[in-house]
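Good morning. Please have the sequence and the structure open while I talk.

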Amino acid sequence: MTVAVYPGSFDPVTLGHMDIIERTAHMMDHVIVGVLKNNSKTPLFSLEERVKMLEDIVAYLGNVEVRSFDGLLVDFVHQCNANVVVRGLRAITDFEYELQMAQTNRVMAPDIDTIFLTTNLSYSYLSSTTVKEIAFFHGPLEAFLHPSVAEQVRKRVEEIQGKDTH
C-alpha cells in the first residue's frame with residue numbers, strides 16, 4: 001500500500017492545494033495531509049482551525065485524512081508509515097527550494113521518496129500569502145478558495161481589522 005504525505009501550512013488552504021490533494025488521492029492508496037505547526041510564521045488561523053478546514057473540504061475523498069505535526073517532516077512521514085512525500089510546484093523558483101529539501105530529507109531518510117506535481121496552470125500563480133493580501137483589501141476570494149474557506153477567511157480578516165480600529 002502506497003501512503004503519501006502532503007505537508008504544508010495551509011493558511012489558508014487554496015484551490016491549488018486542493019488540486020494537488022485530489023490528484024494525489026487518485027494516484028495513491030492513502031494520502032495524509034500534514035498540517036505544519038510552523039513557529040516561524042504567524043498564521044491567520046490556528047493549527048486546529050486549519051486542520052478542521054481541511055477535514056471539511058476533503059471529506060468527499062475517502063482515502064484522505066488530515067493530521068497536524070511539528071518537527072521534522074521525515075519523522076512525521078515515518079510516524080504515518082508513509083513512504084512518499086508529495087510537493088506541489090508552481091514555478092521554477094519552487095523547484096529549487098523543493099529539490100534542496102527533498103535531497104536533505106533523502107539523506108536523513110533514504111526510505112522516503114519525494115514526488116513533485118506541477119500545479120494546474122489555473123493555479124500556478126496562487127499562494128496563501130497572495131490570498132491573504134487580497135482578503136485584507138476586501139477583494140474577491142471565490143476564484144482562489146473553496147466557498148467555506150473563503151467565508152472563514154473573510155470573517156477572520158473582519159475580526160482582525162475590527163480590532164485594529166479600536
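Before anything else, a definition: two strands count as paired if DSSP finds at least two bridges between them. By that rule β4 pairs with β5, residues 113-118, through 6 bridges, and the two strands run parallel. Keep in mind that this is a predicted model.

Look at V85 in β4. Its bridge partner in β5 is T114. Between those two strands the chain passes through helix α4, residues 92-108, and this β-α-β crossover is right-handed. There is also β1, residues 3-8, which runs parallel to β4 and is joined to β4 by 2 bridges. Here V5 is the residue that stands opposite V85.

Now, how many residues of β4 are buried? The strand covers residues 84-89, and 6 of its 6 residues are buried. That takes in both faces: V84, V86 and G88 lie on one side, with V85, R87 and L89 on the other.

Next, helix α4. Does its length make sense? What we can ask is how far apart its end C-alpha atoms are. At 1.5 Å a residue, the 17 residues should span 24 Å, and the end C-alpha atoms are 25 Å apart, which agrees.

Which residues of α4 are buried? They are D94, E98, A102 and N105. Viewed down the helix axis, these buried residues fall within an arc of 65°, so they line one face of α4. The general reason is that an α-helix has 3.6 residues a turn, so residues three or four places apart point the same way. The buried residues of α4 pack against α3, residues 73-79, and against β4 and β5. On the other side of the helix, I92, T93, E96, Q100 and V107 are exposed.

Last, the nonpolar cores. The largest one has 37 residues, and those with the most contacts inside it are I21, L54, V58, V64, L145 and V153. Several elements supply at least two residues each, including β1, α1, β3, β4 and α6. The largest share, 6 residues, comes from α2. To see one member up close, take V64: setting aside neighbours within four places in sequence, V64 is in contact with I21, A25, V31, V33 and V58. Apart from this core lies another, of 13 residues, and V85 is among them, along with F69, A82 and A109.

So V85 is a good residue to finish on: V85 is buried in β4, stands opposite V5, and has T114 as its bridge partner in β5. That is all I have.

Note on methods: Residues numbered from 1 in each chain as written. Predicted model: local features only at pLDDT ≥ 70, side-chain atom pairs only at ≥ 80, totals over all residues. Heavy atoms only, no water. Buried < 20%, exposed > 50% of the residue type's maximum accessible area, 1.4 Å probe, protein only. Helix = DSSP H or I, 4+ residues; strand = E, 2+ residues; numbered from the N terminus. Right-handed = clockwise from strand over helix to strand, strands pointing away. Core = buried A, V, L, I, M, F, W, Y, C linked by side-chain atoms within 4.5 Å. Contact = heavy atoms within 4.5 Å. Expected span 1.5 Å × (residues − 1). Arc of directions from axis to C-beta.
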